[in-house]
Every structure is written in structure tokens, then in C-alpha cells.
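Student: Before we discuss any details, could you show me the sequence and the model, so that I can put my questions to you with both in view?

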Amino acid sequence: MRMVVLGLGYLGATHAACMAELGHEVLGIEVDPEKREQLAAGVVPFYEPGLPELLRKHIDSGRLTVSGSYRDAAEFADVFFIAVGTPQKKGEYGADLQYVDAAIDELIPLLTRDGLILGKSTVPVGTAQRLSDRAAELAKDVDVEIAWNPEFLREGYAVKDTLQPDRLVLGRFAGGRAESVSRDIYSSIIDSGTPFIITDPPTAELVKTSANAFLATKISFINAIAEVCDAAGADVKAIADAIGYDSRIGRKFLNAGIGFGGGCLPKDIRAFMARAGELGAAEALTFLREVDNVNMRRRTRMVELAREVCGGTLLGKRVAILGAAFKPESDDVRDSPALNVAGQIQLQGASVSVYDPKAMDNSRKLFPTLDYSSSALEACDQADAMLLLTEWQEFLSLDPAELGKRVRHKNLVDGRMCLNPTVWESAGWNYRV
Ligand SMILES: NC(=O)c1ccc[n+]([C@@H]2O[C@H](COP(=O)([O-])OP(=O)(O)OC[C@H]3O[C@@H](n4cnc5c(N)ncnc54)[C@H](O)[C@@H]3O)[C@@H](O)[C@H]2O)c1
């Protein structure tokens, strides 16, 4: 089938390449000329394991092409995926839908045949209905159907999550062709037994925001327990292990530490609260404010721990930050807890050296005033404290003896609780979480 993907960021580029892998002919539309040029040349402008091979394969095969022209899009196909960003509005909790609106406003007047628009971006409940009304105003002698097909991929596993998702969700209005077209698009995935959940659009929109709200809540739950553990002298990791064996609870997303960040969870829970408020249901989600508060307190706590191990002040101290991406296997630094902590420590007078295996370029763009090192060892040179803030595999195999020779003081704050305290303590390190 022929289809267009509007917006080629983390979600859209992955979706476009994966749709080509499923056998479809795909045109990707991207407004950023630099990204577009790279993608058209078969180069992924961000780090995502497995995606470069897939993109190259389908650019070479001709099944995936890239353009910046909405006219090309309108001519190429009559199925369009929306994969543009929906960031947090500046100074407000709500989602900024200007990119989604721009895509609709630009595409629909150009359509000369009936079209189906499948939204993948994460949007507030009610968006598909609003866009449907807008589409009816903009369409010239054609029918445009809008449905929502939210995306659940995780950065770092994006290709696998797109080709072998846990489930597919489609929210469609009655009487349209969204369901039958989606069944065709995803036929091989559905045939392999993946649940395909068909709902109305508001339900599909809420499936996505509810999933993210639940994940954020689970992380903040264990971090709240970590706060009590600090006060009571108890071991939060043992608690997570013990309660995680209960299949009703599960161990995943119960790692206490620096908390969540990235381009999705923080902005999605805030947009969810804002939308509930608009709908008169604010009270239902007041707990998410506390989820957000607990999460942000973790960052402050990391800074306090760093100050404490440095003897009560960060002025004039050297601090090594290992990890800058919001999670391992990604170079995404949007709302990265690690960089946020690095910035706060620098503001308190320390010189901060950051190292990340993949996110150095993005970090430099966002925090140009931090120092950056080309390896973990270099970042730790003469450090008074080392903070591990992203659990990259590379950091799990660090040698405490070798690092011990580089630092000035053997202070380690394990912001992800991912190192073995016994190993580090027996090498003379002051291990703190
Ligand atoms: N990144 C993830 O892991 C993930 C997972 C699930 C859902 N989502 C959701 O997917 C959406 C996109 O997220 P992302 O991380 O890919 O963002 P992103 O910022 O990486 O990508 C968005 C892309 O859209 C482009 N764009 C903006 N306006 C455009 C327009 N009018 N036409 C064409 N292209 C345009 C931008 O230049 C950018 O390349 C968001 O709603 C996000 O919440 C993201």
C-alpha cells in the first residue's frame, strides 16, 4: 500500500522505515531541511539501534522516499500518518498542538482524492474530533477521515516495538474505512497474533495518555518509597525486588533512582492534567501532580547527595557526570534528568564534566556551558565525586580500581542504583544512592 508519514523524528522516521519493511511504499515528509537531507541519504539523524540498517535498506530499495513538499504528499497516497511533535506549551502544562494543526492545515486543501489521516502523535483527548471538524471545513470536494492510532514504542527498542508491538490500538469514527485500511497496513503484525484493539477516537487517545500516566506513577511510587527508606534506613531495592515478585505488581519500572525524563512521560502527564482540567475532571488526576513532584524531587536529591559527599559545598569541586541521555540506548536529551542535575551542580559552583556514549552532540547543543569529556575515565579525572545518571551498559562494566586512580576522592552517587555496592565499597569507594 502507498502511504505518507508526516514528521520524521524519533517516531516518524522509525514508523516510515518499518512500514517500508512491512512491504509498503512510503513517502516521508519532514520540514527540517537538514534532517530531510540526512534521511534521504539513508542516514538516521539520531541514535536508535537497528534503524540505520532498516532506513538504508529501504532508501536503497526505493520503497522509502523523503520530501519536504506537502504537494508531493497529497499526490503520493491517500493514507497519511501524523507523527509530528506535541511538546509541552511554554509556561503551561497543556500540549502544544501547533505542529499537528499545521500538518492538517497544509495537507487537506491540497487533497484531490478522499483521504484517511491516522494520527500517531500523542494528543489530548478530543483532538481527533477537533481535527475532524477542521478537516470538514478545509476539504474541497473530498472526504477526509481522521482516526487515531497511538504509538507506544520505546526509544532504544523503537524498531522492534513498531514491528512487534504489544498491541495495536485504533480509535475510529463509525462508518469510515480506517479499520479496514489499518487491518491491511498491519496485516502481518495482526496475523502474528498481536492484539488489535478497536475503539472510538477519545478512548484511543486516552489509552496512550493513561499508559504513560501509569508508567510515570509506577516510577514515582517507588521513588516515594525510596524517600521513606532514606528516613527509615531501609533498602528500597530489596523492597522493589520483594514486591515485584507479586505478579499483580511486577518488577518492571520499579527501579528507584533519579526518576523519569525524556520527550514523553513528563510532558504527557502534564498535558493529561491540563486536559482533565479543561474537561472539568481535574480532581481525578490530582495525584499526577504528586507523581511529577516526587519525580522532580529526585533530581534535587541527587544534587544534595553530590554536595554532601563533596563535604557540604560544591564550590570549587570537580564533579563527573556519567550519562546525559534520558535513558540508555538513546541520544535523546529532552528533559534529561542527568543534564538537569549536571546544570544544577554547575550552578552551585562546581566544574562539571559530562560523558555519554551517544548523546554528546545533543547535550552540547542544549547545555553548551558544561564541560564534556571523550570517555568515562577522562570525565573522572581529579573528580571529587562521580554521579552515574544513565544506566548505559558501558558504565556497568567500569573498573572501580582503575577509576579510583583517576579521581581525587572516591565518592560515587549511583543515581540509577545499577552498580554493585559491595564491589565498589570493597575497592574503597564511598557508594551512595
Ligand atoms: N519518541 C518517542 O519515544 C515517542 C513514543 C511514542 C509517541 N511519541 C509521540 O510522537 C510524537 C512525535 O515525537 P518524536 O519524539 O518523534 O518528536 P520529534 O521532535 O523527534 O519529531 C517530530 C518531527 O516532526 C517534524 N515536523 C514538525 N512539524 C512538521 C510538519 N508540519 N510537517 C512535517 N514534519 C514536521 C519535526 O521537524 C521533527 O523532525 C509526539 O507526539 C510524541 O509524544 C513519541
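The questions below turn to the ligand, then to salt bridges, and then to two pairs of residues.

Student: Where does the ligand lie with respect to domain 1 and domain 2?

Tutor: This is a predicted model, and the domain assignment gives domain 1 as residues 2-199 and domain 2 as residues 200-433. Because both domains give residues to the shell around the ligand, the ligand lies between domain 1 and domain 2.

Student: How many residues surround the ligand, and how do they divide into nonpolar, polar and charged?

Tutor: The closest residues are Glu-30, Lys-35, Tyr-70, Thr-86 and Lys-267, in a shell of 25 residues that surround the ligand. By class, the residues of this shell divide into 11 nonpolar, six polar and eight charged.

Student: Which side chain has an N or O atom 2.5 Å from an oxygen atom of the ligand, and what percentage of the ligand's accessible area does the protein cover?

Tutor: A backbone N or O atom of Tyr-10 lies 3.1 Å from an oxygen atom of the ligand, while an N or O atom in the side chain of Tyr-70 is 2.6 Å from a nitrogen atom of the ligand. The contact you ask about, at 2.5 Å from a ligand oxygen atom, belongs to the side chain of Thr-86. On its own the ligand has 820 Å² of accessible area, and the share of this that the protein covers is 90%.

Student: How far apart are the closest N and O atoms in the salt bridge of Arg-134 with Glu-137?

Tutor: Arg-134 and Glu-137 both belong to helix α6 (residues 127-138), and because they are three residues apart there, about one helical turn separates them. Arg-134 is partly exposed because its relative accessibility is 29%, whereas Glu-137, at 60%, counts as exposed. In the salt bridge that Arg-134 forms with Glu-137, the closest N and O atoms are 3.3 Å apart.

Student: Is Arg-248, which meets Asp-246 in a salt bridge, buried or exposed?

Tutor: The side chains of Asp-246 and Arg-248 meet with an N to O distance of 2.7 Å. Asp-246 counts as partly exposed, because its relative accessibility is 24%. Arg-248 has a relative accessible area of 73%, which is over the 50% cut-off, and Arg-248 is therefore exposed.

Student: How many residues apart are Arg-299 and Asp-335, and which residues are joined into one network by salt bridges that share partners?

Tutor: The side chains of Arg-299 and Asp-335 meet in a salt bridge with an N to O distance of 2.9 Å. This pair links distant parts of the chain, since Arg-299 is in helix α13 (residues 286-309) and Asp-335 is in the loop between β9 (318-322) and α14 (337-347), and the two are 36 residues apart. Arg-299 is buried because its relative accessibility is 1%, while Asp-335, at 27%, is partly exposed. Salt bridges that share partners form one network, whose members are Asp-105, Arg-134 and Glu-137.

Student: What distance separates the C-alpha atoms of Thr-127 and Glu-205?

Tutor: Thr-127 is found in helix α6, and it counts as buried because its relative accessibility is 2%. Although Thr-127 and Glu-205 are 78 residues apart along the chain, their C-alpha atoms are separated by 8.1 Å.

Student: How far apart in space are Val-66 and Ala-41, C-alpha to C-alpha?

Tutor: Val-66 lies in strand β3 (residues 64-67), and with 21% relative accessibility it counts as partly exposed. In sequence Val-66 and Ala-41 are 25 residues apart, and in space their C-alpha atoms are 9.2 Å apart.

Key
Residues numbered from 1 in each chain as written. Predicted model: local features only at pLDDT ≥ 70, side-chain atom pairs only at ≥ 80, totals over all residues. Heavy atoms only, no water. Near = heavy atom within 4 Å. Polar contact = N/O pair within 3.5 Å; in protein donor to acceptor, adjacent residues only side chain to side chain. Areas by Shrake-Rupley, 256 points an atom, 1.4 Å probe, with all protein chains shown as cover. Nonpolar A, V, L, I, M, F, W, Y, C, P; charged D, E, K, R; others polar. Domains from an automatic or database assignment. Salt bridge = Lys/Arg side-chain N within 4 Å of Asp/Glu carboxyl O. Helix = DSSP H or I, 4+ residues; strand = E, 2+ residues; numbered from the N terminus. Buried < 20%, exposed > 50% of the residue type's maximum accessible area, 1.4 Å probe, protein only.
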